[in-house]
Amino acid sequence: MAAPPYATPLQKSWYYALRVICGLIFFFLIAPIVVIIPLSFNSVPFFTYPMEGFSMRWYEEIFGDSPQSLLWQRSIVNSVVIAICSTALATVLGTMAALGLTRAEFPGKSLVMAVLISPIIVPIVVIAIGVFYFYAKIGLASTLTGIILAHTALGVPFVVITVAATLQGFDHNLVRAGAILGAGPLRVFRKVTLPIITPGVVSGALFAFAASWDEIVVVLFLASTEQHTVPRRMWSGIRELLSPTIIAAATLLVIVSIALMFTMEALRRRGERLRGISPG
Amino acid sequence: MATASPPNGGADANGATTPSAATTPSAADANGVFTVDGVPLKIKLRRAERWARLRAIGLIVPLFLFLMVSFVLPIFTMLWRSVENPEIGLVLPRTAARMQAWDGRGFPPNETLAVVVEEFVAAAGDRTIGKAAKRLNYHVAGYRSLTMKTARRLERAAKQQGMEALLAGPDLIERFKGIDARWGERRFWTILKQASPPHTAFYLLQSVDRDFDEDENVVKVGEHRAIHVDILGRTVFISVNVTILCLLLGYPIAYLLATLPTRQSNVLILLLLLPFWTSLLVRTTAWLVLLQNEGLVNDLAITVGFWDDPVQLVRNRLGVYVAMVHILLPFMVLPMFSVMKGIDPYHLRAAASLGANPLRAFLRVYLPQTIPGVGAGVLLVFILSLGYYITPALVGGPRDQMLSYFIAFHANTTVNWGMAAALSLVLMCCVAVFFAMYQRLVGVGNVKLG
């Protein structure tokens, strides 16, 4: 971590200046997230350091058995159910579509691709009110099913993109080899294709999970109290009174994010390692 | 992609052999290869290829249909609402038909006014008049109370005198003027006419601060109602500034990550990915906590002595910039990083050995090569920030709300779906323009994630 010995003084000072600047930017990126986490253990409802004392009372407000806590717990269950169902749907539909997209050329393919990607491009408010307007007409507003369908649409592009990217390096002769050796299409998929594209499928699924887990705007429009998710409950809390309970919930969300991120990184590095071992 | 070549290859071979097969059948027989069941291999192969293609399309169909029904159709239905105009036609059907037939000059003829009276009385009776009144109020404030008052008065008069007597007068317009002087202004009648057809350009015109005047010319709306162009301008202005700030902060990071040894850059990338994966709501909340008057930043600044009293850092434009840049920065860095990673470091050394000073080498050799990554990052951040809603709503003040906020406001609070849909269409058009640019630059299938 030092400038090369042949660098001129100007280059040296630039070398260190760049590192200082980047250090500050990284501090800006990380500090807000790291700093608020300890505040969720503060014994008094203030958001300043030094903290008065350590306490789990804000977590008890989430996991205890007061009526408020029950609402929080309900929102956690809702979040998990919605995220898992929409991830499963998005992963199956997205993987199938990605397989089809890389196998065939047909007129209007780029248009189809644009439709499949559109959920991450269309502004989320437009999606939310569109879905609300339409789902209310067909009786899907204020139902878990409605939210799951909307979140599936939001997660699908991630699966399509990541699986399609994995398939770019996929050797289709492997499928032919499997077929020649007598395996049916389903068996070829299970035994040949799936094991190869699994990292892509899993990372797509993680993205889809995160998209649903963090989503607030669609829930804001589509959910009544019954279907509130964790972000939706946080939203009401922030608008009324910013209490450390919100920070405690935020901390829980951050923990899930970190878990997702490390799984993702592990997958990515495994992929790089495998590619490094087997050239081509 | 591997499957794409065999059909072409097959077609070429077919084109080349057909003439010779036609002239010398024996040669074709000699060259022809048959499968076990006696079908020429060429045909069999083509069949198999067609079958494979159908199967591939069959894999896409479920998702395509799913998105069409659960996503595209809802959005188009909602956007279509921006030209739909059902209210008057539903509540006052005969009035709507009569008013459309009226030429808009002077006042509506007496027979038309008689229909208006009858339907106002009927609608006041079954309490549907409020819906029409609300719709008319979109054109000019006060039309709602005018409609409600008129309908109530007419209903009372119809009860006291009977409908026959009510309609008997030779000049019904005088009765309207008697109820409220505003009915003496032609524009209230032309507005009723403009609000009558089943489809209207009214909301779309409103979304760009235009309206029809009494003679159906498109004119600018009055000063106090002209807010939408301002809001669009503000949305673009905030997005441009956020994009510039992200570029300024993101470029050095991407450069550092791309030039560091892999082991070090892998650790730093985690620092970039943590905010990327953290929920938008959590990050916005974090800034709200840090920047509020009793928050950490004010506390620290006062302790250190930067300022003496808490400074307003949040619920204003500053808070919006800080939080949005924080949230969007990873989207800027990641595409630039992946482009910079592919730039050969020897290019810079070659430039230096050819006599360029570091600044010149950077500007002439390095910077141009990073442009694709910069373009992708800039467009991505700009597109995403155009649609921002949650962050400005939480950390911004009333003057910092962007287009999305007003779309949600019209859908939620005023329940004016026409306006919500028209503003959505405006936002969609902006996004579509820049997404088309993004697609030309990056390609839709090459969107990089993480």
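What do the elements of chain A run as, from the N terminus on? Select chain A and follow it along: the order is α-α-α-α-α-α-α-α-α-α-α, with 11 helices and 0 strands. Keep in mind as you go that this is a predicted model.

**Stop 1: chain A as a whole**

With chain A still selected, look at its outline. The radius of gyration of chain A is 24 Å, well over the 19 Å that the globule rule gives for 280 residues, so chain A is more spread out than a compact globule. Along the principal axes, its C-alpha atoms fill a box of roughly 70 × 70 × 30 Å. Colour by burial and 45% of the 280 residues of chain A count as buried. Now turn on contacts: of those in chain A between residues at least 6 apart in sequence, 73% join residues at least 24 apart.

**Stop 2: Ile148(A)**

Next, pick Ile148(A), which sits in helix H6 (residues 144-168) of chain A. Is Ile148(A) buried or exposed? It counts as buried, because it has 24 C-beta neighbours inside 10 Å and the cut-off for buried is 20 or more. Leaving aside residues up to four places away in sequence, Ile148(A) touches Ile82(A), Cys85(A) and Ser86(A). For a distance to draw, try Ile148(A) to Thr48(A): they are 100 residues apart along the chain, and their C-alpha atoms are separated by 38 Å.

**Stop 3: where the chains touch**

Show both chains now. The contact takes 75 residues from chain B and 78 residues from chain A. On the chain B side, select helix H3 (residues 41-80), which gives the largest share, 19 residues. Colouring that side of chain B by residue class gives 57 nonpolar, 13 polar and 5 charged residues.

**Stop 4: chain B as a whole**

Hide chain A and stay with chain B, which has 22 helices and 2 strands. Its radius of gyration is 33 Å, whereas a compact globule of 450 residues would have one near 22 Å. The C-alpha trace of chain B spans about 100 × 95 × 40 Å along its principal axes. Buried residues make up 37% of the 450 residues here. Among contacts in chain B with a separation of 6 or more, 69% are between residues 24 or more positions apart.

**Stop 5: helix H8 of chain B**

Zoom in on residues 143-161 of chain B, which form helix H8. This helix of 19 residues reaches 26 Å from its first C-alpha to its last, close to the 27 Å expected at 1.5 Å a residue. Show side chains for its buried residues: Tyr143(B), Thr147(B), Thr150(B), Ala151(B), Leu154(B) and Ala158(B). Why do they line one face of the helix? Look down the axis of H8(B): its buried residues fall within an arc of 100°, so they share one face. The general pattern behind this is that an α-helix has 3.6 residues a turn, so residues three or four places apart point the same way.

To see what that face meets, add helices H6 (110-125), H7 (129-137), H9 (163-168), H10 (172-179) and H11 (186-194) of chain B, against which the buried residues of H8(B) pack. Then rotate to the face turned away from the buried side, where the exposed residues Ser145(B), Arg156(B), Lys159(B) and Gln160(B) are found. Following H8(B) is Gly162(B), with a positive phi near 90°.

**Stop 6: Asp230(B)**

Finally, select Asp230(B) in helix H13 (residues 228-259) of chain B. Asp230(B) counts as exposed because it has 10 C-beta neighbours inside 10 Å. Draw a last line from Asp230(B) to Phe306(B): they are 76 residues apart in sequence and 35 Å apart in space, C-alpha to C-alpha.

Technical notes: Residues are numbered from 1 along each chain as its sequence is written. Chains are lettered from A and ligands numbered from 1 in the order in which they are written. This is a predicted model: local features need pLDDT of at least 70, side-chain atom pairs count only at pLDDT 80 or more; totals for chains, interfaces and linings use all residues. Helices (H or I, at least four residues) and strands (E, at least two) are DSSP runs, numbered from the N terminus. The radius of gyration is taken over C-alpha atoms; the globule rule is 2.2 Å times the number of residues to the power 0.38. A residue is buried if 20 or more other C-beta atoms lie within 10 Å of its own, exposed if 12 or fewer, and partly exposed in between; C-beta atoms are placed from the backbone. Two residues are in contact if their C-beta atoms, placed from the backbone, lie within 7 Å. Ala, Val, Leu, Ile, Met, Phe, Trp, Tyr, Cys and Pro count as nonpolar, Asp, Glu, Lys and Arg as charged, and the others, Gly among them, as polar. The expected span of a helix is 1.5 Å times one less than its number of residues. The arc is that of the directions from the helix axis to the C-beta atoms.
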